[in-house]
Amino acid sequence: MGRTVGIDLGTTYSLIAYQDKLEGAPKCIPGPYGTPLCPSVVSVDADGAIVAGEAARRRLLTQPERTIYSVKRLMGRGPADVQEELKIFPFRIDPGSTNVIRVRLGDRVFTPPEISAFILRELKSWAEDYFQDSVDRAVITVPAYFNDAQRQATRDAGRLAGLEVLRLVNEPTAAALAYGLHEQKRGRVAVYDFGGGTFDISILKLVSTTDGDIYQVLSTNGDTHLGGDDIDNTLQSVARGEISAQGVDLATHPETVQELRKALIAAKHELSEAGKTTVKFALPNGAVYFREITRAEYDGWIRPIVERTMAPVRQALADAKLASAEIEEVVLVGGSTRVPLVRRTVTEFFGRRPHAELNPDEVVALGAAVQAGILEGGVKDMLLLDVTPLSLGIETMGGVVAKIIPRNSTIPASAQELFTTGVENQTGIDIHVLQGERELAKDCRSLARFQLKVPPGPPGLARIEVKFLIDASGILQVSARDLRAGKQHSIEVLPSYGLDDAEVERILEESIEYAEQDFSERQLIEARNEAEIMLHATEKALAREQVEAPGELPADELRALDGAVAALREALAGADYKRIRAFVDVLNQATMPLAERMMNRALSTVFEGKRLDEV
Amino acid sequence: MGEVRRPFFLPGGGAPLPNHEEFPSRLFDLAGQDHPIMSAPSTTAATSITCGNCSAATGGAHFCPACGKIQPLPPGTDYFAFFGLQRKLALDLPELERRFHSLSWRLHPDNFMRASELERQLSLDRSSQLNDAYRTLRDPVARVEYMLGLAGMRKEGQKKQQAPPELLEEVFELNESLDRLREARESGENAAETAGLRGKLEAAQQKFESSLADADQELTQVSAQWDRALDSGTDDATKKKLMERMNSILNRRSYIRNLVESTQKVLAGT
Ligand SMILES: [Zn+2]
C-alpha cells in the first residue's frame with residue numbers, strides 16, 4: 001500500500017502535503033521548481049500531450065487558447081451557471097455542453113474534473129518523486145461553501161487522477177486543524193479564508209476532552225465565486241479601459257492580455273507591501289502603458305469586493321448565535337488575506353488582531369495532511385466535526401422546497417421521509433432533491449432526481465421510506481426501503497450536474513495512456529517546451545533589436561547570448577530535463593540586459609528621452 | 001395546510017408532497033411505532049436485541065458489551081435513549097454536550113476507515129443519528145416538539161399555527177400598516193409617511209418579540225411541570241393535559257415566530 005497525502009486543490013495554486021508519523025508536524029512537498037506552489041493551470045500541446053503546473057502557466061503567455069486557469073470556478077456547474085464568468089475568464093466552453101461543462105483546449109475537449117485531475121496527477125508525481133514510493137490515497141480540501149455537485153466533481157477529479165479520496169475536508173476547517181496543532185488554541189475561533197476564487201468563513205469551537213481535542217464547526221458561510229481573481233479582474237478592467245483610451249484595443253491580442261494580467265498581479269502583490277507601485281507595460285503598437293497606482297486608489301477599487309465578504313461573516317456569526325466580540329481568535333487563510341484592506345477590515349470587525357503566523361498559502365494543505373494522518377490512524381487525539389453549509393430539501397407541490405436537513409447541521413447528518421402514491425395504479429413517485437436556503441425549488445441548486453418505482457395498487461398503499469444521508473465529506477447518499485415488503489428498495493439517482501459513474505469509468509480507461517507516462521518523461525516534455533519557448537522569444541527579441549537599434553548590441557552580450565543559445569540547443573538534444581532547465585535559466589539571465597534596454601527604449605518614446613529611473 | 005399530509009404524486013407530473021414536519025419525529029410516527037410515552041421507560045424494546053457478530057445480548061447499546069463491535073440502530077430507539085437519558089424536558093446542556101463529544105469520539109466514521117463495509121455503514125448510521133439527536137435535543141423548542149412526536153401528540157396534520165387572541169388587534173394593524181407602506185412606496189416614497197409607518201412596524205415588532213419571549217417562558221414552565229409529573233408518577237390524564245398545553249403553546253409560538261420573521265423582512269426592506 002502506498003502513501004496517503006493531503007491536497008489543497010486551489011483556484012490559483014494547488015499544494016500537496018504529508019504528515020510524517022515520526023516527525024509529527026505536517027509538511028508541504030516542493031515540486032521540481034523548488035516551491036510547493038503548483039499553479040492550477042493545464043495546457044495541451046499541439047500533439048495532444050498535457051502539461052500541468054508551472055510549465056502550463058508559462059504557456060498562458062504563448063498559447064493561451066490551449067491553456068486553462070481557474071478551472072475550479074467551473075467544477076460542478078452547468079453551462080447556464082457560468083455565463084457571468086465567461087465575460088471575464090477566457091474559458092472556451094464547448095457548445096455541446098449540456099449538464100456538464102466541456103472546455104475546449106486546442107482541438108481537445110475536457111470536463112472540469114478531468115482538467116483538475118491533471119493538476120492532481122502533477123502533484124501526485126511530485127510526492128511520488130519525493131517519497132520514491134507510490135501515492136494512492138488522499139484527503140482533498142474544498143471550499144466550505146461548495147455544494148454537493150461541486151464536491152462530487154472534486155471527488156471525481158481525485159478518482160480520475162488515480163487517487164482514492166478518503167475524505168473531502170473544508171478548507172477553513174483544514175486550516176483550523178493546522179493552526180490548532182501549531183498553536184494549541186482553545187475556544188471560539190473564526191477562520192476567514194479568502195483564496196484565489198472562493199471565500200469561506202467558518203466559526204469553530206475548540207474543545208479539549210479526555211479523549212483528545214475536538215474541532216467542532218458551529219457554522220459556515222461563504223461565496224464560491226469571490227476571490228483574488230476578482231481583484232485581478234478589477235485591476236484589469238481599469239487598465240484595459242485606460243489602454244483603450246490610449247487608442248489600443250487588446251481584444252485582438254490574447255497573448256498581450258495574459259501578459260497584462262501577469263503584470264497587474266505583480267502590481268497587486270507589490271501593493272500588499274508598499275504604499276504605491278508603477279505598472280510599465282509594453283503595448284503591441286510599441287507604445288507603453290505607464291501607470292502609478294497608490295494604495296488609497298487601489299483600496300478604493302477593491303473595497304466593494306472586500307465588503308462582499310462581510311455579509312457571509314455576519315450570517316455565520318448569527319447562525320452560531322455569537323456576537324463578534326465573543327470570538328476569541330481570528331485566523332486568516334488564503335493568499336488574498338495578504339491584501340492590507342482585507343486585514344484592516346477583518347481586524348476592525350472582530351476588534352482583534354488576526355493570526356497569520358502560518359503561511360496562508362500552505363496552511364490548508366497542511367491541515368489536509370493532518371486529517372489524512374487522523375484517517376490513517378497515526379493521529380489519535382484529534383477529531384473534526386464539520387457541518388453541511390447548505391440546507392437540503394425536496395421539492396413539494398407548487399415548487400416549494402421542504403427543508404429536511406438544515407444548514408450547519410453536524411455531518412454525517414440524515415433525514416427520513418415516507419412517500420406514497422396519490423392516484424390509482426400510479427407506478428412511480430418522482431423525487432427532486434435540492435440544496436439552498438430559498439423557498440422555491442427554482443431558486444435552489446438542483447442536486448438530483450430519481451423515481452421510486454411502485455407496484456400498481458390503490459393510492460396510499462405503497463410506503464417507501466427514503467433516507468437522505470450527508471456523509472462526512474458533505475456528499476449526499478440516498479437509499480430507500482419498502483416498508484410494506486420490509487426490504488431495501490433500489491433507486492437510481494441521476495446527478496443534475498456532473499459525471500455519472502459510467503462516464504468516470506470511460507474517462508479512466510481513456511486516460512490509462514497518460515497514467516503510464518512516467519514522471520521524468522513528463523518533466524522532459526515540459527522542459528523541452530520551456531526551452532523552445534525561450535529560444536523562440538530570444539530569436540524574436542534579437543530580430544527586433546536589429547530593426548529598432550541596429551549595431552547597438554554590445555559584443556560581449558551578443559557572445560554570451562550566442563553561447564547560452566548554443567548550450568541550450570545542445571542540452572535540448574539530450575534527455576536530461578534538469579540540464580535543459582538549468583540552461584533555460586542561463587539563457588534567461590543572458591537576455592535580461594537586452595530586455596531591459598528594449599523596455600527603456602519603448603518607454604523613452606513616451607517620456608521624451610527620460611531614463612526609466614528619472615520618471 | 002389541510003389534513004392530507006401524506007406525500008402524493010400528482011398525475012399531472014407534479015412533485016410529491018413529502019411529510020412536512022420540521023423535526024424528525026416522523027421517523028417513529030411513520031414506522032407506526034409511536035411510543036406510548038405514559039408508561040415507557042427510555043430503554044424500551046432493547047432487551048431482546050443481540051449482537052450480529054457474537055450473538056451476545058446488547059440491550060440496544062452502541063457497541064456489543066461482549067465483542068465490542070458497533071451495533072445496528074435498533075428500531076424505535078429514541079433520541080433520549082441514544083444519549084442514555086430519560087425523556088425529561090429539562091436537560092443539563094453541558095452534560096448533553098459532554099455525552100455528544102464522548103459518543104462522537106467512538107462513533108465517528110474516522111474510527112472505521114479500515115473496518116468492514118458493514119461496520120463503516122453502521123458507523124455512518126449511528127454517527128448521523130447522534131448528530132441528528134444532538135441537534136434536536138439541545139434546542140428546547142425542538143426538544144418539546146420531538147418529545148410530543150414520540151408520544152404521538154404532534155403528528156402529521158395536527159401541527160397548525162394558532163393566532164393568539166391577544167395579538168389579533170396587532171396583527172390587524174400590522175396588515176394595515178403594510179398596505180399603507182406599500183402605497184406610500186408606489187406613490188413615490190413619501191419620506192415622512194414611510195418613517196411614521198416604520199415606527200409603527202418597529203413597535204409591532206417589539207410587541208411580537210415580547211410575545212415570543214412569553215411563549216418561551218410558558219413552555220419552560222409547562223416543561224418543568226411535565227418533568228415533575230414524570231417524577232411523581234402522575235396519572236395519564238394529567239400528563240395528557242400537560243402535553244396538550246405544550247402542543248398549543250408550540251402552535252402559538254410558531255404563529256408568532258412567523259410574524260416576527262415577516263416584520264423583520266419588511267423592516268429590512270425599508
Ligand atoms: Zn458481539
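Select B:Arg87 to begin; at 5% relative accessibility this residue counts as buried. The model is a predicted one, so treat each stop below as a computed feature of that model.

**Stop 1: a buried pair in chain B**

Keep B:Arg87 on screen and add B:Asp78. Their side chains form a salt bridge, with 2.7 Å from N to O. B:Asp78 is buried too, at a relative accessible area of 2%. Both partners fall under the 20% limit for buried residues.

**Stop 2: chain B as a whole**

Now colour chain B by secondary structure. What elements does chain B contain, in helices and strands? There are eight helices and zero strands. Followed along the sequence, the order reads α-α-α-α-α-α-α-α. Of the 270 residues in chain B, 47% are buried. Turn on contacts and consider those between residues at least 6 apart in sequence: 65% of them join residues at least 24 apart.

**Stop 3: B:His101**

Select B:His101, which sits in helix α3 of chain B. Is this residue buried or exposed? B:His101 is buried, with 4% relative accessibility. Leaving aside residues up to four places away in sequence, B:His101 touches A:Val207, A:Thr209, A:Ile214, A:Gln216 and A:Leu385. For a distance within chain B, pick the C-alpha atoms of B:His101 and B:Leu130: they are 9.9 Å apart, with the two positions 29 residues apart along the chain.

**Stop 4: the interface of chains A and B**

Show both chains and select the residues in contact between them. Chain A contributes 55 residues and chain B contributes 35. Interface size is often expressed as the accessible area lost when the parts come together. Here the buried area is about 3800 Å², and carbon and sulfur atoms account for 58% of that area.

How many salt bridges are counted between chain B and chain A? The count is four. To view a salt bridge between the chains, select B:Asp125 and A:Lys467, whose side chains meet at 3.2 Å, N to O. Polar contacts across the interface number 10 residue pairs, with both residues at pLDDT 80 or more.

Next, hide chain A and look at the side of chain B that touches it. Helices α1 (26-30), α3 (93-107) and α4 (117-137) of chain B each supply at least two residues to this side. The largest share, eight residues, comes from α4(B). Colour the side by residue class: 17 residues are nonpolar, nine are polar and nine are charged.

**Stop 5: the domains of chain A**

Bring chain A back and colour by domain. Domain 1 covers 3-226 + 309-387, domain 2 covers 228-305, domain 3 covers 392-513 and domain 4 covers 517-607. Place a marker at the C-alpha centre of domain 2 of chain A and another at that of domain 4 of chain A; the two centres are 26 Å apart.

**Stop 6: salt bridges in chain A**

The total over all chains is 48 salt bridges. Select A:Lys124 and A:Glu128, which form a salt bridge at 3.5 Å, N to O. Where do these two residues lie relative to each other in helix α3 of chain A? They are four residues apart in that helix (residues 112-131), so about one helical turn separates them. A:Lys124 is buried, with a relative accessible area of 14%, whereas A:Glu128 is partly exposed at 25%.

Move to A:Lys276 and A:Glu292, whose side chains meet at 3.8 Å, N to O, in a salt bridge. This pair links distant parts of the chain: A:Lys276 is in strand β15 (residues 276-282) of chain A and A:Glu292 is in strand β16 (residues 288-294) of chain A, 16 residues apart. A:Glu292 counts as partly exposed, at 39% relative accessibility.

Then select A:Glu54, A:Arg57, A:Arg58, A:Glu530 and A:Arg581 together. Salt bridges with shared partners join these residues into one network.

**Stop 7: A:Asp299**

Finish in helix α8 (residues 295-308) of chain A, where A:Asp299 is found. A:Asp299 is buried, with a relative accessible area of 6%. Which residues does A:Asp299 touch, not counting residues up to four places away in sequence? The contacts are A:Leu341 and A:Arg344.

Conventions
Residues are numbered from 1 along each chain as its sequence is written. Chains are lettered from A and ligands numbered from 1 in the order in which they are written. This is a predicted model: local features need pLDDT of at least 70, side-chain atom pairs count only at pLDDT 80 or more; totals for chains, interfaces and linings use all residues. Side-chain values use heavy atoms; hydrogens and water are left out. Domain bounds come from an automatic or database domain assignment. Contact means heavy atoms within 4.5 Å. Buried area is the accessible area (1.4 Å probe) that two parts lose on being put together, summed over both. A polar contact is a pair of N or O atoms within 3.5 Å; within protein, one must be able to donate a hydrogen and the other to accept it, and residues adjacent in sequence count only if both atoms are side-chain atoms. Ala, Val, Leu, Ile, Met, Phe, Trp, Tyr, Cys and Pro count as nonpolar, Asp, Glu, Lys and Arg as charged, and the others, Gly among them, as polar. Buried means under 20% relative accessible area, exposed over 50%, partly exposed in between (1.4 Å probe, protein chains only).
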